[in-house]
Amino acid sequence: MRFDALPLVDDTPASRPRIERRAVRRTSGGTTFYEVASRTVLDRVPEATGLGIAWAVSPYRGCAHACLYCAGRRGHRYLGLDGERDFGSAIVVRTDVAKRLRAQLASPRWGGETVGIGLNGDCYQEAEEVYQLMPGIVAALRDTGNPFRVMTKSSLILRDAELLAEAAQVAEVEARVSVGFVDDRLRRAVEPGAPSAQKRLELCATLGEKGVPCGVLMAPILPCLTDSEDQLRAAVRRVADAGAVSLTPLVLQLPPGSREWYLRWLSEEHPRLLPRYEELYGDGPHAAADYRARVVGRVAELARLYGIGTRRAPWQPRRTADRQLALL
Ligand code: SF4
């Protein structure tokens, strides 16, 4: 990949995205990268995401996989970018993320909670081939024995399998490959830049073989499109076959930013489903609580039936010398 470096833009005209006021802009092919420095890199994660983690670090904002439903699209708006048009082709890169993370993890104020990686953009998307930020992030977490979860759809994570396996020896570590459904035709429509479900499940199996515990984030489950008994069963069975150590189901969320785009696609491709979506979501981001409980409950039953998570030995921390020092 070749970059055409542009100078730091400090007199951005009003018509240019706000992010350009504090970024170095580089272009490569059809993608624009905005390189930024950050004071802090550990971001709070709202409980409403349902991910069960309170903190996240995001080396990239924006994502080449360009999933229609991605909640990260909203953040692009705050940067003056278009969450619809630019999300897959304008990527914000926190170039100093590993250094900043190491400093924050060493702070006496940090409580050692589990950190999620890859929430606002896949941390192993194509940009990572160039910027290579993840090895530094994983090493910082490993050296402090801090638990973490890496969420990705990309096989580039295999490049760091050895490092992740090392980290898993001293901290509770899990890769989470997201596979919401196994219908490849639907995948091409709503996750246009992402690998097939089959490839992601093979990735899960390979990570397990390499000593990296890998679970599956079954997200999103799309109401009326991927939530039938047959579809849920087929997906859970294949997740079990891949040797996933956990399965976390999440029903589609429609926060502002992704809601408009997803519903526009739905109205074009499946107009007859709009009334049901209206009924389930109203004006809010979450499907009706009873619907979510039913679907999530069914997936949990199927996961038990297929034995997901039962083969994993309980994790025992083995403190490294660096972790001991960090705690002194
Ligand atoms: S892979 Fe994840 S971060 Fe990337 S667009 Fe899809 S949902 Fe968003």
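# A guided tour of the predicted model

Begin with the hairpin formed by β2 and β3, which has two residues between its strands. In the turn, select G29, whose phi is positive at about 60°. The model in view is a predicted one.

**The strands of the hairpin**

Select residues 24-28 for strand β2 and residues 31-36 for strand β3; the two run antiparallel and are joined by five bridges. To see one of these pairings, display T27 together with T32, its bridge partner in β3. Next, add strand β7, residues 90-94, which pairs with β3 in the parallel sense over five bridges. Here F33 may be displayed with I91, its bridge partner in β7.

**The seven-stranded sheet**

Now turn to the open sheet of seven strands, in which the pairing is mixed and the order is β4-β5-β8-β9-β10-β11-β12. Colour β4 (42-44) and β12 (247-251), which stand at the edges; each has a single partner strand, so one side of each is left without a neighbour in the sheet. From one strand to the next, the twist averages 30°.

Within this sheet, select β10 at residues 173-178 and β11 at residues 214-221: these strands run parallel, with four bridges joining them. V177 has V216 as its bridge partner in β11. Then add helix α11, residues 289-305, which packs on the sheet and touches β11 and β12. The direction of α11 makes about 160° with that of β12.

Remain with strand β11 and select P220, which is located there. The peptide bond joining A219 and P220 is cis, with omega at about -5°. By way of context, most peptide bonds are trans.

**Helices α8 and α11**

Keep α11 displayed and add helix α8, residues 229-241. The two pack at an angle of about 40°, and their axes are 10 Å apart. This angle makes α8 oblique to α11, and the crossing of the two helices is right-handed. For the contact itself, select L232, R233 and V236 in α8, which meet R298, V299, L302 and A303 in α11. By class, this contact has five nonpolar residues, two charged and no polar ones.

**Helices α4 and α5**

Move next to helix α4, residues 134-143, and helix α5, residues 161-170. They pack with their axes 9 Å apart, at an angle of about 15°. The pair is therefore roughly parallel, and α4 passes α5 in a left-handed crossing. On the α4 side, select P135, V138, A139, L141 and R142; these meet L163, L164, E166, A167 and V170 in α5. The residues of this contact divide into eight nonpolar and two charged, with no polar ones.

Before leaving α4, select Q132 in the loop between α3 (127-131) and α4. Its phi is near 50°, a positive value in a residue other than glycine. Most residues other than glycine have a negative phi.

**Around the ligand**

Finally, centre the view on the ligand. Which residues are around the ligand? They are C63, H65, A66, C67, C70, G72, G121, D122, K153 and A194. Colouring this shell by class shows five nonpolar, three polar and two charged residues.

Technical notes. Residues numbered from 1 in each chain as written. Predicted model: local features only at pLDDT ≥ 70, side-chain atom pairs only at ≥ 80, totals over all residues. Axes fitted to C-alpha atoms, helices over the stretch in contact; angles between N-to-C directions. Parallel < 35°, antiparallel > 145°, perpendicular 65-115°, else oblique. Left-handed = near helix turned anticlockwise from the far one by under 90°. Contact = placed C-beta atoms within 7 Å. Nonpolar A, V, L, I, M, F, W, Y, C, P; charged D, E, K, R; others polar. Near = placed C-beta within 6 Å. Pairing = 2+ DSSP bridges.
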